Amino acid sequence: MGSTLRTRLIDLFSEAGDGFISGQKISDALGCSRTAVWKHIEELRKEGYEVEAVRRKGYRLIKKPGKLSESEIRFGLKTEVLGKQLHYRDVLPSTQKTAHELANDGAPEGTLVVADKQTAGRGRMARVWHSQEGNGIWMSLILRPDVPLQKTPQLTLLSAVAVVQAIEAFTGVQPAIKWPNDLMIHGKKAVGILTELQAEEDRVRSVILGIGINVNQQETDFPGELQDIATSLSMEAGEKIDRAGLIQEILLTFEKRYQDYLNHGFTPIKLLWESYAVGLGNELRARTLQGTFYGKSLGIDDEGVLLLETRDGIKKIYSADIELN
Ligand code: BTN
């Protein structure tokens with residue numbers, strides 16, 4: 001089945017909710033015969049969808065497949081823009097790399113790249129991001145905001161806020177933000193966000209937001225050196241989490257916060273970010289590529305940059321690893 005037909009069929013089931021849709025209605029909507037409809041349904045079943053067929057009533061979707069797949073992410077996605085252009089692959093070197101290539105080729109705002117496994121996942125400060133198959137969310141989102149370059153740290157903070165809110169709504173677990181956008185639960189890292197830019201002179205061409213979430217890992221799934229510092233949402237919530245459902249929740253929340261930002265500016269996002277942040281007002285150590293600085297955190301400024309009160313005066317920190325003392 002072509003992916004457009006499959007998407008339309010899944011959309012029809014999504015609109016019908018728990019109800020039945022007649023074979024005739026599907027055949028009219030897809031512009032194909034009743035026999036072709038039956039074949040399309042058989043293909044969905046092969047992908048792991050459970051579809052009930054009842055004479056005179058039609059078809060009803062009972063269950064979506066548990067595994068991550070393109071259809072599963074599309075099914076029931078309620079956003080207007082984010083994720084509507086979706087590139088799903090079982091394996092990629094890095095969704096970030098693919099998103100850069102797509103952005104270069106003119107991919108529109110909201111394009112999302114998702115992989116079940118990354119073989120060369122990248123973290124901040126040129127680190128490796130461990131991206132095993134089957135249990136994480138590894139995705140990159142392309143945005144094309146019309147903002148000057150110096151305002152892009154605001155989008156990093158916006159992403160952290162959106163992901164915190166979506167995780168809270170979907171799993172009941174409440175992560176805290178460690179500047180700029182590590183999401184921590186009980187002091188261990190569950191989410192990392194990597195913001196990269198494509199720019200022309202002083203304007204942004206695209207922002208590529210790479211989001212890595214430890215979702216269904218157990219402690220032994222992490223390499224030894226990460227076991228004391230990393231956690232997963234499932235370890236914290238005590239149950240398995242539907243990755244596709246969480247991706248949809250993140251996209252929807254992200255779209256709302258992004259609209260707030262475009263319509264009302266950074267202040268509402270800054271207030272939310274501060275309400276989720278840990279370590280504001282604390283003494284901390286910031287390891288940057290230019291050196292390590294100690295001082296008291298004064299919070300973030302209106303551009304989203306961290307202000308550190310050091311012995312030599314107030315220092316603006318654009319990118320760093322933070323250790324809370
Ligand atoms: C961090 O170091 O905290 C940021 C980690 C970002 C990881 C994500 S996973 C999806 C996307 N693709 C990558 O290669 N990296 C980001």
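**Entry 1: the end of helix H8**

I started just past H8, where Gly 265 takes a positive phi of about 85 degrees. I note here that I am working from a predicted model. Next I went to the other end of the helix. What caps the N-terminal end of H8? Asp 242 does, with a side-chain oxygen 3.3 Å from the backbone nitrogen of Ala 244.

Then I checked the length. H8 has 22 residues, so at 1.5 Å a residue I expected a span of 32 Å. The end C-alpha atoms are 31 Å apart, which agrees.

**Entry 2: salt bridges**

I looked up the salt bridges next. The count comes to 17. I followed some of them by hand.

I stayed with H8 for one of them. Asp 116 and Arg 243 meet through their side chains, N to O, at 2.7 Å. Where do the two partners lie? Asp 116 belongs to strand S4 (residues 112-118), and Arg 243 to helix H8 (residues 243-264). The two are 127 residues apart in sequence, so this salt bridge ties together distant stretches of the chain. Are they buried or exposed? Asp 116 is buried at 13% relative accessible area. Arg 243 is buried too, at 8%.

I then turned to Arg 45 and Glu 42. Their side chains form a salt bridge at 2.6 Å, N to O. Both sit in helix H3 (residues 34-46), three residues apart, which puts about one helical turn between them. I recalled the general rule: an α-helix has 3.6 residues a turn, so residues three or four places apart point the same way. Arg 45 is partly exposed, with 28% relative accessible area. Glu 42 is partly exposed as well, at 25%.

**Entry 3: Asp 301**

I gave Asp 301 its own entry. Which loop holds Asp 301? Asp 301 lies in the loop between S11 and S12. Its side chain reaches the backbone nitrogen of Glu 303 at 2.8 Å. That side chain also takes part in a salt bridge with Lys 316, at 3.6 Å, N to O. Lys 316 lies in strand S13 (residues 313-317), so the pair ties the loop to a part 15 residues away in sequence.

How do the two compare in accessibility? Asp 301 counts as buried at 14%. Lys 316 is partly exposed, with a relative accessible area of 41%. After this pair I looked for shared partners. Salt bridges join Arg 124, Arg 127 and Asp 321 into one network.

**Entry 4: rings**

I searched the whole structure for aromatic pairs. The search finds zero. I then asked what lies over the face of Phe 293. Lys 315 does, at 4.6 Å from the ring centre.

**Entry 5: strands S6, S7 and S8**

I moved on to strand S7 (residues 182-185). Which of its residues are buried? On one side I found Asp 182 and Met 184, on the other Leu 183 and Ile 185, and all are buried. Both faces of the strand are covered.

I checked the neighbours of S7 in turn. Strand S6 (residues 176-178) pairs with S7 in the antiparallel sense, over three bridges. Ala 176 stands opposite Met 184. The connection from S6 to S7 is a hairpin through three residues.

Strand S8 (residues 188-200) also pairs with S7 in the antiparallel sense, again over three bridges. What is the bridge partner of Met 184 in S8? It is Lys 189. So I have Met 184 opposite Ala 176 in my notes, and bridged to Lys 189 in S8. Two residues lie between the strands in the hairpin of S7 and S8, and there His 186 takes a positive phi near 45 degrees.

**Entry 6: Arg 6**

I closed with Arg 6, which lies in helix H1 (residues 3-16). Arg 6 counts as buried, at 18% relative accessibility. The cut-off for buried is under 20%. How far is Arg 6 from Ile 41? The two are 35 residues apart in sequence, and their C-alpha atoms are 9.1 Å apart in space.

Note on methods: Residues are numbered from 1 along each chain as its sequence is written. This is a predicted model: local features need pLDDT of at least 70, side-chain atom pairs count only at pLDDT 80 or more; totals for chains, interfaces and linings use all residues. Side-chain values use heavy atoms; hydrogens and water are left out. A salt bridge is a side-chain nitrogen of Lys or Arg within 4 Å of a carboxyl oxygen of Asp or Glu. Helices (H or I, at least four residues) and strands (E, at least two) are DSSP runs, numbered from the N terminus. Buried means under 20% relative accessible area, exposed over 50%, partly exposed in between (1.4 Å probe, protein chains only). The expected span of a helix is 1.5 Å times one less than its number of residues. A polar contact is a pair of N or O atoms within 3.5 Å; within protein, one must be able to donate a hydrogen and the other to accept it, and residues adjacent in sequence count only if both atoms are side-chain atoms. Rings of Phe, Tyr and Trp (its six-membered ring) pair if their centres lie within 6.5 Å; planes under 30 degrees apart count as stacked, over 60 as edge-to-face and the rest as tilted. A charge sits over a ring if NZ of Lys or CZ of Arg is within 6 Å of the ring centre and within 35 degrees of the ring normal. Two strands pair if DSSP finds at least two bridges between them.
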